Amino acid sequence: MKYLIVGLGNKGSEYENTRHNIGFKVVEKIAETLEAPFGTSNFGWLADGKYKGRRVFLLKPDTYMNLSGNAVRYWMQKENIPLENVLIVTDDLALPFGALRLKGKGSDAGHNGLKNIIEVLQTQNYARLRFGISAEFSEGRQVDYVLGTWNEEETEKLPERIEKFSKACLSFVFAGISNTMSAFNGK
């Protein structure tokens with residue numbers, strides 16, 4: 001069985017440690033766990049690893065957030081990965097910092113990366129793992145906030161949260177979405 005885990009983010013050093021790039025950080029942790037290094041490939045950076053007998057592709061699209069769907073569709077088609085074996089890891093303003101929410105389908109909730117994936121795949125029935133970044137910004141400052149770096153308290157807690165999210169992703173691969181939702185949502 002093949003799986004595709006896509007961490008959403010933006011390419012470039014100026015975005016590396018921003019809230020919007022948490023998807024990249026989570027898939028980087030998974031790659032480290034699986035000892036699967038990233039290499040430059042079509043539509044981004046790809047790592048190819050194994051987990052409990054399953055092949056896991058980890059993708060960091062280089063298309064920028066708003067065009068992530070092209071990268072997802074390309075790798076699904078190239079590796080013949082069914083939609084039910086795809087997991088998108090993204091940031092979420094509606095959740096408190098570090099909160100984990102896995103869903104099997106849903107709307108884009110105003111997230112441009114998810115919106116593009118829905119447009120390109122022509123469905124919203126794909127799994128997404130949302131990493132809460134909270135909404136601690138004043139009116140009109142949303143872009144600055146999501147493209148801003150983590151504060152000191154968040155930075156201190158990030159390694160533990162990234163570890164938890166990487167474990168949830170690997171649970172999705174081995175135990176399926178229902179079991180993973182039961183085990184990890186709200187934790």
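**Group meeting: loops, salt bridges, a helix and a pocket**

N80 is exposed, with a relative accessible area of 66%. I start there, and I should say at once that what you have in front of you is a predicted model. N80 sits in the loop between α2 and β5. Its phi is near 55°, which is a positive value in a residue other than glycine. For background, most residues other than glycine have a negative phi.

A second residue belongs on this slide. Q122 is not a glycine either, and its phi is positive, at about 60°. Where is Q122 placed? Q122 is found in the loop between α3 and β7, just after α3. Q122 counts as exposed because its relative accessible area is 68% and the cut-off for exposed is over 50%.

Next, the salt bridges. How many salt bridges does the count come to? The count comes to 13 salt bridges. The general idea is familiar: side chains of opposite charge can pair when their charged atoms come close. I will go through three pairs and one network.

The first pair on my list is K2 with E79, where the side chains meet at 3.0 Å, N to O. This salt bridge links distant parts of the chain: K2 belongs to strand β1, residues 2–7, and E79 to helix α2, residues 68–79, with their positions 77 residues apart in sequence. Is each partner buried or exposed, or something in between? K2 is partly exposed, at 28% relative accessibility. E79 has a relative accessible area of 13%, and because buried means under 20%, E79 is buried.

Next is D92 with R130. The closest N and O atoms of this salt bridge are 3.1 Å apart. D92 comes from strand β5, residues 86–92, and R130 from strand β7, residues 127–132, so this salt bridge ties together parts that are 38 residues apart in sequence. D92 counts as buried at 9% relative accessibility, and R130 counts as buried at 6%.

The third pair is D48 and R55, a salt bridge whose closest N and O atoms are 2.5 Å apart. D48 is partly exposed, with 38% relative accessibility. R55 is partly exposed too, with 28%. Finally for this part, there is a network: salt bridges link E16, K25, E28 and K60.

Staying with β5, I want to show T90, which lies in that strand. T90 counts as buried because its relative accessibility is 0% and the limit for buried is under 20%. What does the side chain of T90 make a polar contact with? The partner is the side chain of D91, at 3.4 Å. Setting aside neighbours within four places in sequence, T90 is in contact with L8, I22, H111, L114, L129, R130 and F131. R130 in that list is the residue that forms the salt bridge with D92.

L114 from the same list takes us to helix α3, since L114 is among the buried residues of α3. Why is α3 described as largely enclosed by the rest of the structure? Seven of the ten residues of this helix, residues 112–121, are buried, so the description follows. The buried residues are G113, L114, N116, I117, I118, V120 and L121. As for general helix geometry, an α-helix has 3.6 residues a turn, so residues three or four places apart point the same way. What do the buried residues of α3 pack against? They pack against α2, β5 and β7.

The last item is the largest pocket. Rolling a probe the size of a water molecule over the atoms shows where empty space is left. The volume of the largest pocket is about 340 Å³. Its lining has 19 residues, and those closest to the centre are H20, G110, H111, N112 and Q142. H111 has come up already, as a contact of T90.

Which elements give two or more residues to the lining of the largest pocket? They are β5 and α4, the latter being residues 142–146. α4 gives the most, with three residues. By class, the lining divides into eight nonpolar, seven polar and four charged residues.

To recap β5: this strand holds T90, holds D92 of the salt bridge to R130, is packed against by the buried residues of α3, and contributes to the lining of the largest pocket. That is the end of my slides.

Technical notes
Residues are numbered from 1 along each chain as its sequence is written. This is a predicted model: local features need pLDDT of at least 70, side-chain atom pairs count only at pLDDT 80 or more; totals for chains, interfaces and linings use all residues. Side-chain values use heavy atoms; hydrogens and water are left out. A salt bridge is a side-chain nitrogen of Lys or Arg within 4 Å of a carboxyl oxygen of Asp or Glu. Helices (H or I, at least four residues) and strands (E, at least two) are DSSP runs, numbered from the N terminus. Buried means under 20% relative accessible area, exposed over 50%, partly exposed in between (1.4 Å probe, protein chains only). Contact means heavy atoms within 4.5 Å. On a 1 Å grid over the protein atoms alone, a cavity is a set of points where a 1.4 Å probe fits but cannot get out, and a pocket is an open set with protein on both sides within 12 Å along at least five of seven lines; lining residues have an atom within 4 Å of a point. Grid points are joined across faces, edges and corners, and a volume is the space filled by probe spheres set on the points. Ala, Val, Leu, Ile, Met, Phe, Trp, Tyr, Cys and Pro count as nonpolar, Asp, Glu, Lys and Arg as charged, and the others, Gly among them, as polar. A polar contact is a pair of N or O atoms within 3.5 Å; within protein, one must be able to donate a hydrogen and the other to accept it, and residues adjacent in sequence count only if both atoms are side-chain atoms.
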